[in-house]
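Visitor: I am new to this one. Please pick a single part for a close look, and then lead me on from there.

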Amino acid sequence: MRVGLLGGIGGGIPDLEQGVDIRLGDVVISQPSGTSGGVEQYDLGKSTTGGIFERKGMLNAPPTVLLTALQSLKAEHELEESQMSIYLTKMLERRPKMRSTGHASPSVENDVLYRTGAEHIQSMATCDACDLQGQVSRPTRATSRPYIHYGVVASGNQVIKSSAKRDQLRTDLGALCVEMEAAGLMNNFPCLVIRGICDYADSHKNDRWQKYAACTAAAFAKELLLHVSAEQTSHEESIGQILGIATSLSRLNTKIDLDQLRVAEGAEFDAYGQVHAACHPATRIDLLHSIQNWARQPDRKRIFWLNGMAGTGKSTISWTIAQWLTDQAPSGVVDLGGSFF
Ligand SMILES: [Zn+2]
């Protein structure tokens, strides 16, 4: 695996005054622009007293190969309709049972947007008793096709069920959609986020549109994949390489108390009866130098991570360095300051 599409559902943030008419069942795609990578982690920033949102940190942009595919698809959509509704129709033809299990569109009468501040009656399971005056009147769409919106996806740890908080995300971040998964993933596993809109992140939110919205997101993913170049993808780093190095290192450096790690008995360097191989002279020179430089730094990170396939010489390199450290300290005391290697 080399690239990721994070498909699923999210809460829509329409902005009718600005012409952003997001409806249930539409999809929102994370798209970088300006200083944003397309996904913004909203609980990392803070609203200042002046009302200006201060953003902290920045998440990665999607992989180039997916952005290229996105541009190609957008160009095609200038000329032709999206294939999404065809895929959704075929899905229901192939598996008619899905109609009765909530995967077909719940139809526009069940798509109601309430004004900011027009709250749901908390004791009621449905919106039947909610104030009709609070409903926003929107023009009927000429088609039942899902629309595609490109822009910022806001991501955080809380479920947003408040029209005021939702509107704040639009003001602070220019977000079109809010969800809870992307921010945790983007910096470890760069991907493109595809969200089917299933509610408006307000107090009226319910799960009626969730399955259909998940299907529209999947339909977009399918259409996009037809524009992804296999040749270009093969140049991306594999997910195994990215995850193996990035997450193991950060997890080990931050979450585990290294002093708590147990020593495997008999496996220590210079354990009784152990004979250790060493790198042949004049081999692995650059790698051994970089490890030696790491070991010499008083403020080094606590781990030097050797990552490689079985049988490529990690143990031999470790023994060579251990021997070098022992030679540096003939008294037999090797002080690595709690570092692990
Ligand atoms: Zn309601």
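**Strand 2 and beyond**

Guide: Ser30 is found in strand 2. Helices (H or I, at least four residues) and strands (E, at least two) are DSSP runs, numbered from the N terminus. A word on the model: it is predicted, so local features need pLDDT of at least 70 and side-chain atom pairs pLDDT 80 or more, while totals for chains, interfaces and linings use all residues. Residues are numbered from 1 along each chain as its sequence is written, and side-chain values use heavy atoms, without hydrogens or water.

Is Ser30 buried or exposed? Ser30 has a relative accessible area of 0%, so it is buried. (Buried is under 20%, exposed over 50%, partly exposed in between; 1.4 Å probe, protein chains only.)

Stay in strand 2, which covers residues 27–30. Ile29 has its place there too. Its relative accessibility is 0%, so Ile29 also counts as buried.

Now look at what strand 2 meets in space. Ser30 and Ala182 are 152 residues apart in sequence. In space, their C-alpha atoms are 9.7 Å apart. Ile29 has a distant partner along the chain as well: Val152 lies 123 residues away. The C-alpha atoms of Ile29 and Val152 are separated by 7.8 Å.

Come back to Ser30 for one more pairing. Ala61 is 31 residues from Ser30 in sequence. The C-alpha to C-alpha distance between Ala61 and Ser30 is 8.9 Å. Where does Ala61 sit? It lies in a loop, between strand 5 (53–54) and helix 1 (64–79). Ala61 counts as partly exposed because its relative accessibility is 35%. Ser30, at the other end of this pair, is buried at 0%.

So much for strand 2. Two other loop positions deserve a stop, and both concern backbone angles. Most residues other than glycine have a negative phi. Ser107 has a positive phi of about 70°, although it is not a glycine. Look for Ser107 in the loop between helix 3 (97–100) and strand 6 (148–155). A relative accessible area of 27% makes Ser107 partly exposed.

Ala201 also has a positive phi, near 55°, and it too is a residue other than glycine. The loop that holds Ala201 runs between strand 8 (191–199) and helix 6. Is Ala201 buried or exposed? At 1% relative accessibility, Ala201 counts as buried.

Next comes the metal. Which residues hold the zinc ion? Its protein donors are His120, Cys127, Cys130 and His204. (Donors are N, O and S atoms within 2.8 Å of the metal, or 3.2 Å for Na, K and Ca; water is not among the atoms, so sites may look incomplete.) The two histidines donate through ND1, and the two cysteines through SG. These donors lie 2.0 to 2.4 Å from the zinc ion. Along the chain, the donors follow the spacing H-x6-C-x2-C-x73-H.

Why is the arrangement around the zinc ion tetrahedral? The four donor atoms subtend angles of 89 to 123° there, which makes it so. (Four donors are tetrahedral if all angles lie between 85 and 135 degrees.)

Two of the donors can be placed by accessibility. His120 is buried, because its relative accessible area is 10%. Cys127 counts as partly exposed, because its relative accessibility is 23%.

What about cysteine pairs? A search of the whole structure finds zero disulfides. (A disulfide is a pair of cysteine sulfur atoms within 2.5 Å.) Take Cys198 as an example. Its closest cysteine sulfur is in Cys177, and the gap is 8.7 Å, too far for a bond. Cys198 is buried, with a relative accessible area of 4%. Cys191 counts as buried as well, at 1% relative accessibility.

One last stop: Leu287. This leucine is found in helix 9, which spans residues 285–296. At 28% relative accessibility, Leu287 counts as partly exposed. Its partner here is Leu306, 19 residues away along the chain. The C-alpha atoms of Leu287 and Leu306 are separated by 10.0 Å.

To retrace the start: find strand 2, then look at Ile29 and Ser30. From Ile29, step across to Val152. From Ser30, step to Ala182, then to Ala61.

Terms used:
Four donors count as tetrahedral if all angles lie between 85 and 135 degrees; four count as square planar and six as octahedral if opposite donors are over 155 degrees apart and all others between 65 and 115; anything else is irregular. Axes are lines fitted to C-alpha atoms, for helices over the stretch in contact, and angles run from 0 to 180 degrees between N-to-C directions.
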